[in-house]
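Got a chain on screen and want to talk it through? Let's go over it piece by piece.

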Amino acid sequence: MAELLAPAGNIESLEAALGEGADAVYLGLKTFNARLRTSNFAWNQFEAAVNSVHRMGKKIYVTVNTVSEERETERLYRFLSYLNKIGPDGLIVQDFAVIRMCQEFFPDLELHASTQMNVESAAGVNLLSREGFKRVVLARELGLEEIRDIKAKTNAELEVFVHGALCVSESGLCLFSSYLGGKSANRGMCTQACRRFYTAEVPGGIDQGYYFSPCDLQLIDKMPDLIEAGVESFKIEGRMKSAEYVGSVVSAYRYVMDHYKEGKKEAVAAAKRMLSTDFARTKTSYWYNFKTIGEGVDNAGGLILNPKQAGGTGIYLGKIDATGPSEIPETQLAVLAGGSYDPDPGDSIRLHKKDDTGRESHKVKTLNIDEKGRRWIDIPRGFTVGDSVYLLQTKSMSKRYSRILPPDLSKFNKQPGDELLPILDLTPVAKNELNYFPEGLYIQVSSIPDIFVVQSGHPVRVILELNSTTIPDLLSKKTTLPLSKKQIILSLDPFCPAGTEDEVAKTIDQLIEQGFTTFVVNNLAHIAMLRTKKVNMIGGPYLYTFNRWAVSWLENQNIGAFISPYENSRQNLDAVFDPNVRDRVLVPVFAYPALFRMRFKLPKDYDFTYFSDKEGMNFKVNSTPDGSFVMPEAPFSIIDKVSTINSNGFKRVLIDFSKTSVRKGDFKQIFQAMAKKQVLPETSRFNWKDGFYNPLKLEEYRQANERKLNPQGAASSKAPSKKTGFKPKTNGPKKSGAFSGAPKGSKPKGRR
């Protein structure tokens, strides 16, 4: 029997989901989950929820779907130990560290692979199944035939998203929010920068729009096909949505699942009527209507993107026309003007700041009408005149549901303890183990002509990206390479969908037959394809190694060397790799990192390459047969730190020209800056210096500052003015500036 899985961002949503017939719910706690901006559950609420949901014969899953830095691993271990005692029905995970810890210490915890793990092929699913996973949440960029194909080739349970907000980026591969301010999507802090308003350079002038703000997914009419394809769980997105939203969507999908055999057309029509009050964004079936992969690549962009659709959701209620004080804590009063509906108490609204820096949902509690006939409603503080307001749900849609949690939570008092994380030593480098991975400079390129350009820098290895241009050239031996196959490492694309899985495997076999022996793997499917071959695997930057437990799990997959993730910081890199294993690491020192990647070409009317945000930061988009890529115009660079990095034991550094054309002038300037230890102009440090944005670190700083100002213990009410978080980037150069890079086509030890 297929499962209907609903979001529970708070207690009210939990009650709505189960009240409308969900078979299971998923929720997050106050840490280690990808929706840190929602209210989430306190410890006693969660324990009580598990107890109550199990008494109802339903299931409850916990999201542990973020990556952890090395300094957080002990807290992660304690969190997993706590969950092991409470006993949820499964953990939805992204970080390989969670796999490694559960295998070592908590084998009874059931593991489900998060969509953030970027699994979209049978090879990836089966690898995780062998590692003990019960279920895999597939990437959202798949079609029905691809899901059928995966199901036919695996015994693992499959879970798919069927309704709610979409990411424009391929699952788990977005760096955009992290690049802009250290708020990483991989750590549950996405600021949804893709949904912002942008200005683009088009022929004859400029244009503006919400170019990368995706529509919402709605697969209600595909449910019968997905059920018959054998999918075990259907997931509704919405841990940040209201209880009213959760209840109405669950009821619609419950109806189809229960009644489609009586009449598919009638059941779907009835369910769509139930969804008519979903005032979210325009709906899309995204990748589900295409007969071929090529058709999807060409046309999916037009189905998911609508540049005229505001990043907001719901029915437009107008803009804030006036504000005033409120007696309700954390709120103010406001008058709206310009809309076609007047909100009443009980209605749910969503507010958007006019500069696109903040959004918040809110349920209206009060209504006052003044002598001028103006309607004053309560709204959250922080919004002002000119900000937009949208309707999410009306009071008439609200229902009262049975309480799930008991009124007295005093007996539910378990919390994470103070257990010490056992020491883990990574595997020391054996003699001659890394002959394929010599010390020195590595350069990555996206075309074979660029190999000829960069060979003048005398790299010890060139990494060549495998794409729709380089693969035919390599297989046909069209070009005589200027370097031996031993000196060329082949990098595999981090997105490996079911529709191209067999082709990728065949290509790899042909290249191995030609004599290529070393590959950068960026997807679990690549590991499955290569682990039995007599080749060398380097873990790429998209197999996130932010802690040694993740590294250890990848070591167990026969990966001996690693490229540090682009998001990484100097401090965390040092913490993960002790000096005796730093020979295993290649450190990126220059790159145009793909901020987000889309599995489709941009629509034909997207006639631009360069665009900018309201702060004047510049970006470029590259639309190709391999998909579309958004990159910063200001590259990431720590070229001036190479000698320091080397002296710190990291003897291998990477200059990455992926998705760009290598210009001789830029190349020369980079080398000169590296030799002279000079900072390249108009570049970004990304997270290298300050690391990820960390609210806990900011709070620790605030408390330390208060202690310094008040040594006797009196708390200061004034927050410190100094910022310790990620510093804003400098604006990128114009097209004529430097580096414009034109876009183109116990004591566990080591292996267990």
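What follows is a set of questions and answers on this predicted model.

Reader: Let's start with overall shape. What radius of gyration does the chain have, next to that of a compact globule?

Author: With 752 residues, a compact globule would come out near 27 Å. The predicted chain agrees with that. Its C-alpha atoms fill a box of roughly 80 × 65 × 55 Å along the principal axes. The radius of gyration of the chain is 26 Å.

Reader: And what percentage of the residues is buried?
Author: Some context before the number: the chain has 20 helices and 32 strands. Its accessible surface comes to about 29,800 Å², and carbon and sulfur atoms hold 49% of that. Of the 752 residues, the buried share is 60%.

Reader: On to helix α10. Which residues are buried there, and why do they sit on the same side?
Author: A general point helps here: an α-helix has 3.6 residues a turn, so residues three or four places apart point the same way. In α10, which spans residues 264–274, the buried set is A267, V268, A270 and A271. They cover an arc of only 160° around the axis, and that is why they share a side of α10. So the same-side residues are A267, V268, A270 and A271.

Reader: Which residues are exposed on the other side of α10, and what does the cover of the buried ones include?
Author: Turn α10 around and you find K265, E266 and R273, which are exposed. For the buried residues of α10, the cover includes a helix spanning 243–259, namely α9.

Reader: Now strand β11. Which residues point which way, and are they buried or exposed?
Author: Strand β11 covers residues 233–236. S233 and K235 point one way, while F234 and I236 point the other way. Both sets have the same status: all are buried.

Reader: Which strands are joined to β11, and which residues of β11 face L4 and H163?
Author: Strand β1 (residues 3–7) runs parallel to β11 and is joined to it by three bridges. Strand β7 (residues 157–165) is parallel to β11 too, with four bridges. In β11, L4 has F234 as its bridge partner, and H163 stands opposite I236.

Reader: I always check backbone angles. What is phi for Y286 and for K677?
Author: Neither hit is a glycine: Y286 is a residue other than glycine, and K677 is not one. Y286 sits in the loop between β12 (283–284) and α11 (293–304), and K677 in the loop between α19 (664–676) and α20 (695–709). Phi is positive in both cases, near 50° for Y286 and about 60° for K677.

Reader: Are those two buried or exposed?
Author: The cut-offs are under 20% relative accessible area for buried and over 50% for exposed. Y286 is at 1% relative accessibility, so it counts as buried. K677 has a relative accessible area of 54%, which means K677 is exposed.

Reader: Last one, N572. Is it buried or exposed, and what does it contact?
Author: N572 is in helix α17 (residues 570–576), and its relative accessible area of 5% means that N572 is buried. Its side chain makes a polar contact of 3.0 Å with that of N568. Leaving aside neighbours within four places in sequence, N572 is in contact with E69, E70 and F546.

Notes:
Residues numbered from 1 in each chain as written. Predicted model: local features only at pLDDT ≥ 70, side-chain atom pairs only at ≥ 80, totals over all residues. Heavy atoms only, no water. Buried < 20%, exposed > 50% of the residue type's maximum accessible area, 1.4 Å probe, protein only. Helix = DSSP H or I, 4+ residues; strand = E, 2+ residues; numbered from the N terminus. Arc of directions from axis to C-beta. Contact = heavy atoms within 4.5 Å. Polar contact = N/O pair within 3.5 Å; in protein donor to acceptor, adjacent residues only side chain to side chain. Rg over C-alpha atoms; globule rule 2.2 N^0.38 Å. Areas by Shrake-Rupley, 256 points an atom, 1.4 Å probe, with all protein chains shown as cover. Pairing = 2+ DSSP bridges.
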